[in-house]
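Please work through the following exercises with the structure open beside you, and try each task before reading its solution.

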Amino acid sequence: MPYPDRKILYVQYAPPGVYPPIERSAWLFKKNGWQVDFLGIRAIGSSRNLTPTMHSESHVEYLVHEPGGWRALRSYFRFWLRAFRRAQLEKPDVVYVSDSIWTYPAGLLIALMTPALTIMHEHDTPLDHSTRMMRFLQAARRQFARKADLLINPQLDRARDMAELAGGREVVVVLNCPSLEELSRTLSFEDKPHGLVLWHHGSLNSLRMPLTILDALAQLPPDVTLEFAGYETVNSEGFVDSFLARAAELGISDRVVFHGALKRDLLYSRANQAHVGLSVFVQKFVEPMVGASNKPFDFLGCNMALLVNDTTEWHDFAVVRKIALPCDPTDSTSIARAIEKLYHDRKQLRQMADRGRTLVETEWNYEAQFAPVLDRIEMLLGHGPRRDAHSRT
């Protein structure tokens with residue numbers, strides 16, 4: 001049901017454009033007639049290109065993070081104050097707090113001191129307790145989890161831990177799937193080019209794009225190519241240059257294409273030309289990734305089969321559904337063998353891509369995943385007067 005008089009403010013100590021789930025939920029609010037605004041941090045490096053695209057009519061306010069010592073603290077406290085003042089003066093119906101532990105103190109302040117309904121959407125579990133500041137932030141996280149009106153997590157096992165942190169409260173699991181709107185112009189599998197195009201997008205580093213992929217590519221027929229898009233982070237500056245240099249050493253530069261950091265409409269247009277999505281991870285994560293990782297859902301939505309880690313987690317998610325083949329991402333021969341199977345069996349490749357696309361169309365899309373959140377917000381807000389900030393339990 002549209003609510004043209006409703007307002008929502010997204011608050012995150014990060015650039016809004018680098019978190020696809022935030023873009024998608026904002027677009028759904030906008031579609032339902034809400035006024036949508038953002039408060040975030042200006043991006044650095046190549047991620048500057050990742051400005052929000054699905055909600056171009058929304059107002060996005062960027063603050064600047066100043067690196068180093070007291071300047072960092074000054075910019076951080078300025079963010080807290082700005083978030084609280086906007087929630088206090090603009091009186092949004094909902095304040096949507098997401099991204100990281102650094103945003104939670106502002107969320108807690110807003111939950112305690114304003115009448116806004118607050119949402120806590122945790123993308124990744126913060127684990128650092130090493131400093132006094134991190135212990136303070138962990139305490140704010142725990143208190144905010146108990147005070148926020150609605151809790152969201154993209155991964156089932158993480159959601160159970162979050163519920164325990166919140167004193168047994170319900171946590172809504174929303175998988176990080178693409179929106180059907182984003183995929184409305186994607187090609188069918190038969191319209192893809194000949195040969196075999198491998199694809200990867202997202203943050204770029206040696207743990208998610210290991211050099212073994214290039215070593216595997218060198219073992220495969222010349223019409224198997226690799227294309228990728230994305231951005232380096234502060235900890236991975238120079239990765240793309242080193243990756244392309246390795247391709248040159250192997251004599252396969254003409255089979256490797258880097259598209260840079262693309263906005264999501266252009267990203268899907270490029271990804272839709274590929275056949276196999278590389279959803280492999282060298283590192284062993286400290287928490288489960290299935291559901292939280294955007295990439296496999298993006299790849300499936302663009303009519304690709306998947307290449308995934310040969311682990312129980314990914315086997316249960318993708319391999320048993322016959323939408324992926326497993327490999328050892330540290331072993332170029334293992335990667336090459338899996339890709340070669342798909343190269344020589346076009347029928348199997350297409351069937352895997354079709355199954356994945358069907359799953360996205362029926363359940364692994366953000367419209368379906370986020371519907372329970374919209375229902376709960378409607379129930380919490382109701383149709384009556386705004387709640388008083390001091391009436392909360």
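The exercises below concern a predicted model, and each task is followed by a stepwise solution.

**Exercise 1. Surroundings of Lys-192**

Task: Locate Lys-192, find the nearest side chain of opposite charge, and list the backbone oxygens close to a polar atom of its side chain.

Solution:
- Step 1. Lys-192 sits in the loop that runs between β7 (172-173) and β8 (196-204).
- Step 2. Although Lys-192 is buried, it has no salt bridge, and the nearest side chain of opposite charge, that of Asp-354, is 9.2 Å away; a salt bridge would require a side-chain nitrogen of Lys or Arg within 4 Å of a carboxyl oxygen of Asp or Glu.
- Step 3. A polar atom of the Lys-192 side chain lies 2.7 Å from the backbone oxygen of Asn-272, and the backbone oxygen of Asn-303 lies 3.5 Å from a polar atom of that side chain.
- Step 4. When neighbours within four places in sequence are left aside, the residues in contact with Lys-192 include Ala-271, Gln-273, His-275 and Cys-302.

**Exercise 2. Two residues with positive phi**

Task: For Asn-303 and Lys-322, decide from the relative accessibility whether each one is buried or exposed, and describe the phi angle of each.

Solution:
- Step 1. Asn-303 belongs to the loop between α9 (294-301) and β12 (305-309), while Lys-322 belongs to the loop between α10 (312-319) and β13 (324-327).
- Step 2. Asn-303 counts as buried because its relative accessibility is 6%, whereas Lys-322 is exposed because its relative accessible area is 53%.
- Step 3. Asn-303 is not a glycine, yet its phi is positive, at about 60°; Lys-322, also not a glycine, has a positive phi of about 60°.
- Step 4. As background to this step, most residues other than glycine have a negative phi.

**Exercise 3. Arg-346 and its partners**

Task: Place Arg-346 in its helix, and identify the backbone oxygen that its side chain reaches.

Solution:
- Step 1. Arg-346 lies in helix α12, which covers residues 346-362, and it is partly exposed because its relative accessible area is 34%.
- Step 2. The Arg-346 side chain reaches the backbone oxygen of Gly-195 at 2.6 Å.
- Step 3. Apart from neighbours within four places in sequence, Arg-346 has contacts that include Phe-189, Pro-193, His-194 and His-275.

**Exercise 4. A nonpolar patch**

Task: Name the residues that make the nonpolar surface patch of about 260 Å², and classify Met-113 by its accessibility.

Solution:
- Step 1. The patch is made by Leu-109, Leu-112 and Met-113.
- Step 2. Met-113 is in helix α3 (residues 104-113), and it counts as partly exposed because its relative accessibility is 48%.

Note on methods: Residues are numbered from 1 along each chain as its sequence is written. This is a predicted model: local features need pLDDT of at least 70, side-chain atom pairs count only at pLDDT 80 or more; totals for chains, interfaces and linings use all residues. Side-chain values use heavy atoms; hydrogens and water are left out. Patches are made of residues with over 30% relative accessible area and no salt bridge: like charges are joined within 9 Å, nonpolar side chains (Val, Leu, Ile, Met, Phe, Trp, Tyr) within 5 Å. Accessible areas come from the Shrake-Rupley method with a 1.4 Å probe; for residues, only the protein chains shown count as cover. Helices (H or I, at least four residues) and strands (E, at least two) are DSSP runs, numbered from the N terminus. Buried means under 20% relative accessible area, exposed over 50%, partly exposed in between (1.4 Å probe, protein chains only). Lys and Arg count as positive and Asp and Glu as negative; His and the chain ends are not counted. A polar contact is a pair of N or O atoms within 3.5 Å; within protein, one must be able to donate a hydrogen and the other to accept it, and residues adjacent in sequence count only if both atoms are side-chain atoms. Contact means heavy atoms within 4.5 Å.
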